[in-house]
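The following report concerns the structure shown below. Please consult the sequence and the coordinates while reading.

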Amino acid sequence: MSCRILLIICVLCFPMNTGFADEQSNKNIASCFPQMVDTHLKNWKNSQISTLLKKGKVISMRPMREHLQSTGKKAEFDGDVFFVELDNGLKAVFKNLPKDDLGDAHAEVAAYQASISLGFPNVPPTVMTDIKGMKGSLQLFVETRIEALNPGIYEHALNEVDEEDVANLHLFYFVFGQWDSGPHNILIVKDKEKTQLIAIDNSGVRNHQRVKYGELPFVRVCYSDKLKTNDWGKPFPFEQAKTIENPTTETLQKTFGDTLPASFYQSFKGYGLPFRYVIHQNSLWRQYHAGDGEFLMSFTHHLSDRTRKALEGLNLSMLKKIFTSAKNADFLTPAYLEAILERRDQVLRHFKEHRTYPSLL
Ligand SMILES: Nc1ncnc2c1ncn2[C@@H]1O[C@H](COP(=O)(O)OP(=O)(O)O)[C@@H](O)[C@H]1O
Ligand SMILES: [Mg+2]
């Protein structure tokens with residue numbers, strides 16, 4: 001009899017932890033944890049999940065690469081990332097960062113907060129955390145069997161997802177400056193029969209950048225007093241962008257010499273693409289993905305009324321709230337926040353200028 005009662009309780013709690021309809025692997029005993037909440041994406045704005053992420057004790061932790069490989073998944077990332085299980089049944093992703101530069105983690109938390117304020121896109125609940133003396137971000141782990149990195153899968157998913165959701169993802173990326181977009185930072189899940197895109201790894205949000213809507217952003221990658229640009233207060237010189245066709249550490253050294261710090265050359269990655277850049281305000285601004293014909297730019301012709309209102313509602317005090325946890329991060333300057341509102345203004349201006357009126361007939 002008690003077995004039957006236990007079975008009934010488990011069956012009742014079971015749908016609460018499944019998250020996504022096709023995810024049999026989620027259907028485990030964790031759903032019977034007393035503190036368990038429904039982690040379906042419709043509840044991601046619920047602060048209960050964040051609280052559980054913060055309060056849960058780590059019961060197991062393994063490198064994400066190992067976890068992905070054990071489930072037959074591809075691993076395309078560079079960071080110190082871990083798959084973590086908590087004593088309250090939640091599964092999460094911990095990204096360990098140097099204690100003196102937690103900017104990436106603050107950006108990830110802000111991206112989640114922005115998704116709540118705007119109502120889009122789908123960003124899993126994310127909090128700052130401290131695990132065994134290591135600091136970083138902790139994000140709800142989202143189960144999926146779909147491998148976004150397999151050829152054609154991402155493109156196919158983009159066609160299946162609601163047009164408004166795809167447009168909103170592009171608009172979020174553009175306005176909040178998540179330039180590191182693409183299938184390597186997207187999870188694809190099937191929720192009942194609906195395909196949903198989940199935006200993970202939003203650390204690119206931290207980078208200062210300059211961009212025109214419909215073009216690729218120039219991302220600030222390096223500051224150096226030695227550049228002596230003496231152009232404070234001047235507009236960003238998009239028209240002065242230069243390109244180095246086959247960049248290597250040597251060709252870059254020839255171009256910039258010791259005006260850039262050694263750390264820039266040490267961490268340089270070419271990605272097999274031309275190096276397009278602008279020098280402005282003592283900084284090097286790199287246009288990632290320039291020359292990559294496959295790259296899908298953060299641009300859309302679609303703006304729903306709901307999204308327009310959400311974007312119109314963004315203001316400085318909302319942004320300060322979104323970036324609350326980042327308030328001591330060095331990227332969070334007045335100019336950084338103004339640049340987000342400036343990109344928002346560009347989007348609204350674009351849609352005002354390109355408004356199509358319904359036919360009167
Ligand atoms: N919330 C999540 N749910 C499920 N898997 C995730 C989640 N976040 C990250 N991952 C997995 O971990 C990998 C590395 O995470 P990511 O945030 O992209 O790290 P990096 O900053 O090193 O690129 C991702 O490519 C993905 O496979
Ligand atoms: Mg990544």
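In which sense do β8 and strand β9 pair, and over how many bridges? Strands β8 and β9 (residues 218-223) are antiparallel, and two bridges connect them. The model under discussion is a predicted one.

## Overall composition and confidence

The protein chain contains eleven helices and twelve strands. Of its 361 residues, 35% are buried. When contacts between residues at least 6 apart in sequence are considered, 68% of them link residues at least 24 apart.

The average pLDDT of the protein chain is 90, and 88% of the residues reach at least 70. Residues 1-32 have a pLDDT below 50, and this stretch makes 40 contacts in the model beyond near neighbours in sequence. Residues 357-361 likewise have a pLDDT below 50, but this stretch has zero contacts beyond near neighbours in sequence. Where pLDDT is low, predicted coordinates should not be read in detail.

## The five-stranded open sheet

Five strands make up an open sheet with antiparallel pairing, in the order β8-β9-β12-β11-β10. The edges are occupied by β8 (209-210) and β10 (242-244); each has a single partner strand, so one side of each lacks a neighbour in the sheet.

At the β8 edge, Gln-209 stands opposite Val-219 in β9. Val-219 also stands opposite Arg-286 in β12. The antiparallel pairing of β9 with β12 (residues 283-286) comprises four bridges. At the β10 edge, three bridges connect β10 with β11 (residues 275-280), again in the antiparallel sense. Within this pair, Thr-243 faces Arg-276 in β11.

## Nonpolar cores

The largest nonpolar core has 59 residues, among which Ala-92 and Ala-110 touch the most other members. Apart from this core lies another, of 13 residues, including Val-211, Val-278, Leu-284 and Tyr-288. In soluble globular proteins, nonpolar side chains tend to be buried together.

With its neighbours within four places in sequence set aside, Ala-92 is in contact with Leu-53, Val-84, Leu-86, Leu-138, Gln-139, Leu-140 and Phe-141.

## Surroundings of ligand 1

Ligand 1 is surrounded by 19 residues, of which the closest are Phe-77, Gly-79, Val-142, Ile-200 and Asp-201. The elements contributing two or more residues to this shell are α3 (64-70), β3 (91-97) and β5 (134-140). Classified by type, the shell comprises eleven nonpolar, five polar and three charged residues.

## Backbone geometry in the loops

Most residues other than glycine have a negative phi, and most peptide bonds are trans. What kind of peptide bond joins Phe-120 and Pro-121? The bond is cis, with omega about -15°. Pro-121 is located in the loop between α4 (103-118) and β4 (126-131).

Asp-201, one of the closest residues to ligand 1, has a positive phi near 50°. This residue belongs to the loop between β7 (194-199) and β8. Is Asp-201 buried or exposed? Asp-201 is buried, because 23 other C-beta atoms lie within 10 Å, and the threshold for burial is 20 or more.

Lys-228 also has a positive phi, of about 40°, although it is not a glycine. Its place is in the loop between β9 and β10. Lys-228 is exposed, because 9 other C-beta atoms lie within 10 Å, and the limit for exposure is 12 or fewer.

Technical notes. Residues numbered from 1 in each chain as written. Chains lettered and ligands numbered in written order. Predicted model: local features only at pLDDT ≥ 70, side-chain atom pairs only at ≥ 80, totals over all residues. Pairing = 2+ DSSP bridges. Near = placed C-beta within 6 Å. Nonpolar A, V, L, I, M, F, W, Y, C, P; charged D, E, K, R; others polar. Core = buried A, V, L, I, M, F, W, Y, C linked by C-beta atoms within 7 Å. Contact = placed C-beta atoms within 7 Å. pLDDT = per-residue confidence, 0-100.
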